[in-house]
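I opened this entry to keep track of what I looked up, residue by residue and around the ligand. The notes follow the order in which I went through the model.

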Amino acid sequence: MPADFNGTWNLVSSENFEGYMVALGIDFATRKIAKMLKPQKVFKQDGDSFSISTTSTFRSYLVEFRIGEEFEEDNKGLDNRKCKSVVNWDGDKIVCVQTGEKKNRGWTHWIEGDDLYLELRCEDQVSTQVFKRA
Ligand code: VL7
């Protein structure tokens, strides 16, 4: 049985989100707002089908995918760059590789104890966020 991410999760801590946003080329004013946010994630997982909705008072973002199936991602409302993305299991982690203009772009989610982790990667920057069940 793979990990079960289903549920609603609230951000409780964030490490180096600023560095990640700089690497993505997000402008100063947007970064100042973005780093104050406490986004909520709603995971819907059915077998290898996922939807992850990230909402906040400022911007929201929805991604839907099946494990192992490449999809076009538009990152609308984030950096607005298009990339080709694919998500795979690595043990109990889900690992997304986002191929496009930015090198080494992607993210990993996993559950540790009662917490949901998200590692965001872009170029040489890594940001780690922790979420707790709502
Ligand atoms: C999504 C933000 C910085 C713009 C606003 C910040 C709004 C709420 O990729 C992500 O999640 C994955 C894994 O769960 C699913 O798509 C992280 C936040 C990345 C990048 C761009 C700053 C403006 C945050 C949407």
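Entry 1, a polar pair. I began with Ser85, whose side chain makes a polar contact of 2.6 Å with the side chain of Glu73. The model is a predicted one, and I read this distance, like those below, as a computed value. Ser85 is found in strand β6, which covers residues 83–90. I then asked whether Ser85 is buried or exposed. Ser85 counts as buried, because its relative accessibility is 0%.

Entry 2, the loop between β5 and β6. I looked up two residues here, Asn80 and Arg81, which both have their place in the loop between β5 and β6; β5 itself spans residues 71–73. For Arg81 I noted a relative accessibility of 19%, and since buried means under 20%, Arg81 still counts as buried. I also checked Arg81 against Lys102: the two are 21 residues apart in sequence, and their C-alpha atoms are 9.1 Å apart in space. Asn80, with a relative accessible area of 48%, is partly exposed, and its phi is near 60 degrees, a positive value in a residue other than glycine. I wrote beside this that most residues other than glycine have a negative phi.

Entry 3, a second positive phi. Where else did I find a positive phi in a residue other than glycine? Asn104 has a phi near 55 degrees, and Asn104 is placed in the loop between β7 (93–99) and β8. Asn104 counts as exposed because its relative accessibility is 52%, and the cut-off for exposed is over 50%.

Entry 4, the start of the chain. Asp4 belongs to the segment before β1, the strand of residues 7–15, and is partly exposed at a relative accessible area of 44%. I compared the position of Asp4 with that of Asn75, and found them 71 residues apart in sequence and 25 Å apart in space, C-alpha to C-alpha.

Entry 5, strand β3. Phe50 lies in strand β3 and is buried, with a relative accessible area of 4%. Between the C-alpha atoms of Phe50 and Val63 I noted a separation of 8.2 Å, with their positions 13 residues apart along the chain. Val63 came up again when I turned to the ligand, as one of the residues that come nearest to it.

Entry 6, the ligand. Which residues come nearest to the ligand? Of the 20 residues around the ligand, they are Ile26, Lys41, Tyr61, Val63 and His109. For Lys41, I found a polar side-chain atom 2.7 Å from an oxygen atom of the ligand, and for His109, an N or O atom of the side chain 2.8 Å from an oxygen atom of the ligand. The ligand has 620 Å² of accessible area on its own, and the protein covers 97% of this.

Entry 7, the site as a whole. The ligand sits in the largest pocket. The elements that give two or more residues to the shell around the ligand are the helices α1 (17–23) and α2 (28–34) and the strands β3 (49–55), β4 (61–66), β8 (106–112) and β9 (115–122). With three residues, α1 gives the most to the shell. I closed by sorting the shell by residue class, and noted 15 nonpolar, three polar and two charged residues.

Note on methods
Residues numbered from 1 in each chain as written. Predicted model: local features only at pLDDT ≥ 70, side-chain atom pairs only at ≥ 80, totals over all residues. Heavy atoms only, no water. Near = heavy atom within 4 Å. Polar contact = N/O pair within 3.5 Å; in protein donor to acceptor, adjacent residues only side chain to side chain. Areas by Shrake-Rupley, 256 points an atom, 1.4 Å probe, with all protein chains shown as cover. 1 Å grid on protein atoms, 1.4 Å probe; cavity = no way out; pocket = protein on both sides within 12 Å on 5 of 7 lines; lining within 4 Å. Sits in = over half its atoms within 2 Å of the grid points. Helix = DSSP H or I, 4+ residues; strand = E, 2+ residues; numbered from the N terminus. Nonpolar A, V, L, I, M, F, W, Y, C, P; charged D, E, K, R; others polar. Buried < 20%, exposed > 50% of the residue type's maximum accessible area, 1.4 Å probe, protein only.
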